[in-house]
Amino acid sequence: MESSFDPWSPPALRLVCLDIDDTLINCTAALRRTLHALTGRGDMWPLWDLITEEHVALVVAGKIEYASMHERRTECFLAELGVVVDAAEVLSFERRRRELLSRSWRLFDDVLPCLDWLRAAGVLLAAITNASGAHQRAKIADLGLAPYFDHVAIAGELGVAKPDPVIFTSVCLALDCALTATVHVGDKLDTDAVGARDAGLGAVWLDRDDTGLATPDGVHLISGLAELPELLVSEFATIGVPAPRTQRDPLVRARDRVS
Ligand SMILES: [Mg+2]
């Protein structure tokens, strides 16, 4: 008589976690436009991105508070440009930057078909983002993403950021899912993919720019979200089979309202 336990069967998949910025929302394009408008220069993105990564690392290391990170980042950015400003001017710059950004957000074209597929496949969905709380929740709501997610984990609200394993495990605990039954998908190789792998989750690196960087062991590579369903089906054979959706589905209605 055959045993029901099959050591060669692939793991079950119950939860898919997704990064938000530059995974679902084309933030880099919006930030580039915003920085160009604020500084009059079109080459500011690499500097801003580098300073952002440095400041997120300081938060993760516990050296600065998340709440002060945005003002510190802007002060550092302006100092790199040789602009000396006081605290009020830093706040003013940051306020204008957020106003401009809030009018620039766009989803990548492959996002809604992928989210529809995942919901139809019956997995739970969570967002895990290193952004701050209020503006990130507004962004998620404005773009019609909120109804898709069973849980949203925001670093600014939790006081812990990716790649700290605490943020990944907190989501699995909140949704009562095993780490091994969870996959995280994100655009940052270290923060998202390696962080998720080291926390014990399945790890998918979304390299939209086809950078050609080596993919670390234990990390799956995709170049667009259209590739995610096939990857999940091939790696997690127990994922459900998507069923046809109807116009009565609340997610479809929510999407239609924002399109
Ligand atoms: Mg990202």
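**Group meeting: a walk through the fold**

Okay, let's start with contacts: of those in the protein between residues at least 6 apart in sequence, 62% join residues at least 24 apart. Keep in mind that this is a predicted model.

Overall, we've got 11 helices and 6 strands. The protein has 259 residues, and buried ones make up 34% of them.

Here's one pair you can find on the screen. Ala-29 sits in helix α1, which runs over residues 27–39. Go 77 residues along the sequence to Arg-106, and the two C-alpha atoms are 8.9 Å apart in space. Ala-29 counts as partly exposed, because it has 15 C-beta neighbours inside 10 Å.

Now some backbone oddities. Just ahead of that helix, in the loop between β1 (15–18) and α1, is Asp-22. Its phi is near 65°, so to speak on the positive side, and this isn't a glycine. Is Asp-22 buried or exposed? Buried, because 20 other C-beta atoms lie within 10 Å, and 20 is where the buried class begins.

A second aspartate, Asp-210, also has a positive phi, near 45°. You'll find Asp-210 in the loop between β5 (202–206) and β6 (219–222). Asp-210 counts as exposed, because it has 9 C-beta neighbours inside 10 Å, and the exposed class takes 12 or fewer.

Last stop: which peptide bond is cis? The one from Lys-162 to Pro-163, with omega near 10°. Pro-163 is in the loop between α7 (155–158) and α8 (165–174).

Definitions and conventions: Residues are numbered from 1 along each chain as its sequence is written. This is a predicted model: local features need pLDDT of at least 70, side-chain atom pairs count only at pLDDT 80 or more; totals for chains, interfaces and linings use all residues. Helices (H or I, at least four residues) and strands (E, at least two) are DSSP runs, numbered from the N terminus. Two residues are in contact if their C-beta atoms, placed from the backbone, lie within 7 Å.
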